[in-house]
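Here is a friendly walk through a protein model for anyone meeting it for the first time. Take a look at the sequence and the picture, then read on.

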Amino acid sequence: MKMIIALVALVAVAAAAPQGNVYAVRESLHDNIGLPLGYQYGFELSDGTVKEEQADFNQGIDEEGKPANIISVKGRYSFVADDGQVYTIEYIADENGFQPRGAHIPV
């Protein structure tokens, strides 16, 4: 009986262990996309994680009326959660802060 319990415990531990390494399936990077500067990148991992992002750097004016560099970032990422569901977050990050949107994020 003790042998069966030990075997069941060993199988449970093995099932809970990570099932292999996560590796990049796709990746890309492009810089100087926007005017005058910017970048675009993305990747996909073997565990289902995907991320894509694009940024533009522009000249603007700060609160004091002085020239300032302004960055505007748009992107999205998705991942497979422990419950098996895919969650996707789209976001904008600019002078107004980080603004995420997703079906699972309260408004």
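Let's begin in the middle of things: strand 3 and strand 4 run side by side in the antiparallel sense, joined over 12 bridges. Keep in mind that what you are looking at is a predicted model.

One spot to look for in this pairing is G60, whose bridge partner in strand 4 is A68. The two strands belong to a hairpin with 5 residues between them, and G65 there takes a positive phi near 80 degrees.

**The sheet as a whole**

Now zoom out. There are 6 strands, and they form an open sheet in the order 1-2-3-4-5-6, with antiparallel pairing. At the edges sit strand 1 (24-31) and strand 6, each of which pairs on one side only. On average, neighbouring strands of this sheet are turned by 10 degrees against each other, direction ignored. As a bit of background, strands of a sheet pair through backbone hydrogen bonds, either parallel or antiparallel.

Moving along the sheet, strand 4 also pairs with strand 5, again in the antiparallel sense, over 8 bridges. If you want to find your way along this pairing, S78 stands opposite T88 in strand 5, and V73 stands opposite A93 in that strand too. The hairpin of strand 4 and strand 5 has 5 residues between the strands, and here G84 takes a positive phi near 85 degrees.

**Charged pairs**

Next up, the charges. Side chains of opposite charge can pair when their charged atoms come close. How many salt bridges does the structure hold? The count is 6. Three of them are set out here.

| Acidic partner | Basic partner | N to O distance |
|---|---|---|
| E52 | R76 | 4.0 Å |
| E64 | K66 | 3.4 Å |
| E90 | R101 | 3.6 Å |

Start with the salt bridge between E52 and R76. This pair links distant parts of the chain, with E52 in strand 3 (residues 50-61) and R76 in strand 4 (residues 67-80), 24 residues apart. E52 is partly exposed, at a relative accessible area of 34%, and R76 is partly exposed as well, at 32%. These two have company: R26, E44, E52 and R76 are linked in a network of salt bridges.

Then there is the salt bridge that joins the side chains of E64 and K66. E64 has 63% relative accessibility, so it counts as exposed, while K66, at 47%, counts as partly exposed.

The last row of the table is the salt bridge of E90 and R101. E90 lies in strand 5 (residues 86-94) and R101 in strand 6 (residues 97-101), so this pair ties together parts that are 11 residues apart in sequence. E90 is partly exposed, with 36% relative accessibility, whereas R101 counts as exposed at 52%.

**A glutamate worth a look**

Go back to strand 3, where you will find E53. Is E53 buried or exposed? At 11% relative accessibility, E53 counts as buried, because anything under 20% falls into that class.

What does the side chain of E53 meet there? A polar contact of 2.5 Å joins E53 to the side chain of Y39, and a polar contact of 2.5 Å joins E53 to the side chain of Y91. Setting aside neighbours within four places in sequence, the residues in contact with E53 are Y39, Q40, Y41, V73, K74, G75 and Y91. You have already met V73, which stands opposite A93 in strand 5.

**The aromatic rings**

Both tyrosines that make those polar contacts turn up again among the rings. A search of the whole structure finds 6 aromatic pairs. One of these is the pair of Y77 and Y91, which is tilted, with 6.2 Å centre to centre and 50 degrees between the planes. Y77 lies in strand 4 and Y91 in strand 5, so the pair ties together parts that are 14 residues apart in sequence. Y77 is partly exposed, with a relative accessible area of 31%, but Y91 counts as buried at 5% relative accessibility.

Y39, for its part, is in one aromatic cluster with Y41, F43 and F57. That makes a handy place to finish the tour: Y39 is part of this cluster and also has a polar contact with the side chain of E53.

Conventions. Residues are numbered from 1 along each chain as its sequence is written. This is a predicted model: local features need pLDDT of at least 70, side-chain atom pairs count only at pLDDT 80 or more; totals for chains, interfaces and linings use all residues. Side-chain values use heavy atoms; hydrogens and water are left out. Helices (H or I, at least four residues) and strands (E, at least two) are DSSP runs, numbered from the N terminus. Buried means under 20% relative accessible area, exposed over 50%, partly exposed in between (1.4 Å probe, protein chains only). A polar contact is a pair of N or O atoms within 3.5 Å; within protein, one must be able to donate a hydrogen and the other to accept it, and residues adjacent in sequence count only if both atoms are side-chain atoms. Contact means heavy atoms within 4.5 Å. Rings of Phe, Tyr and Trp (its six-membered ring) pair if their centres lie within 6.5 Å; planes under 30 degrees apart count as stacked, over 60 as edge-to-face and the rest as tilted. Two strands pair if DSSP finds at least two bridges between them. Axes are lines fitted to C-alpha atoms, for helices over the stretch in contact, and angles run from 0 to 180 degrees between N-to-C directions.
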